[in-house]
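The following exercises are to be worked through with the sequence and the model at hand. Each task is followed by a solution in steps.

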Amino acid sequence: SLFMLLCSHFVRRELFTANVLMRNFYWYHNVLWRDELPEKCIIALSSNDDIVNAYAVRRYLEQHQRSPTGGGCQLLWLEGLFHGEVMLSRSAQLQIMELLSAM
């Protein structure tokens, strides 16, 4: 898509962003497990995310929601959106705002 083409261009080629991602960002330092989340939270996942395996994350979170300590986290599945596309989608932003106002 055009969105992903633009994103990849600016993320991979912009000097400072590329430096941070390639030299100073380690994915294994940035893993967040279900038990590390606050008791009440909203987790928004984009179905077409090309950075995060959203289906695997969704499956993991749904399994932990069924456990006795599942807590009050809400999962918002954004069908058809890519990574970060929530920033450009008014309807997705309204869904998030609706969930936030209900907390």
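**Exercise 1. Determine whether each cysteine of the disulfide is buried or exposed, and assign the handedness of the bond.**

Solution. The model is predicted.

Step 1. The cut-off for a buried residue is a relative accessible area under 20%. C73 has a relative accessibility of 6%, and therefore counts as buried. C41, with a relative accessible area of 8%, is buried.

Step 2. The structure holds 1 disulfide. This bond is formed by C41 and C73, whose sulfur atoms lie 2.3 Å apart. The criterion is a pair of cysteine sulfur atoms within 2.5 Å.

Step 3. The two cysteines are 32 residues apart and link distant parts of the chain: C41 belongs to the loop between α2 (15-23) and β1, and C73 to the loop between α3 and β2 (74-78).

Step 4. The S-S torsion of C41 and C73 is about 100 degrees, so the disulfide is right-handed.

**Exercise 2. Identify the nonpolar core that contains C41 and C73, and state which elements contribute two or more residues to it.**

Solution.

Step 1. The largest nonpolar core consists of 8 residues, namely L37, C41, I43, L45, A54, L61, C73 and W77.

Step 2. Two or more of these core residues come from each of β1 and α3.

Step 3. Leaving aside residues up to four places away in sequence, L37 touches L32, I43, L61 and C73.

Step 4. A separate second core has 5 residues, including L76, L78, L81 and A92.

**Exercise 3. Characterise the largest cavity by volume, lining and composition.**

Solution.

Step 1. The count of cavities of 30 Å³ or more comes to 1. The largest cavity holds about 30 Å³ of space.

Step 2. Its lining is made up of I43, L61, Q65, C73, Q74 and L75. The elements giving two or more residues to this lining are α3 and β2.

Step 3. By class, the lining residues of the largest cavity are 4 nonpolar, 2 polar and no charged.

**Exercise 4. Characterise the largest pocket, and find which element gives the most to its lining.**

Solution.

Step 1. The space in the largest pocket is about 750 Å³.

Step 2. The pocket is lined by 24 residues, of which N30, L32, L45, V52 and V57 are the closest to its centre.

Step 3. Two or more lining residues are given by each of β1 (42-46) and α3 (54-65). The largest contribution to the lining is that of α3, with 5 residues.

Step 4. The lining of the largest pocket comprises 18 nonpolar, 4 polar and 2 charged residues.

Notes
Residues are numbered from 1 along each chain as its sequence is written. This is a predicted model: local features need pLDDT of at least 70, side-chain atom pairs count only at pLDDT 80 or more; totals for chains, interfaces and linings use all residues. Side-chain values use heavy atoms; hydrogens and water are left out. On a 1 Å grid over the protein atoms alone, a cavity is a set of points where a 1.4 Å probe fits but cannot get out, and a pocket is an open set with protein on both sides within 12 Å along at least five of seven lines; lining residues have an atom within 4 Å of a point. Grid points are joined across faces, edges and corners, and a volume is the space filled by probe spheres set on the points. Helices (H or I, at least four residues) and strands (E, at least two) are DSSP runs, numbered from the N terminus. Ala, Val, Leu, Ile, Met, Phe, Trp, Tyr, Cys and Pro count as nonpolar, Asp, Glu, Lys and Arg as charged, and the others, Gly among them, as polar. Buried means under 20% relative accessible area, exposed over 50%, partly exposed in between (1.4 Å probe, protein chains only). A nonpolar core is a set of buried Ala, Val, Leu, Ile, Met, Phe, Trp, Tyr and Cys residues joined through side-chain atoms within 4.5 Å. Contact means heavy atoms within 4.5 Å.
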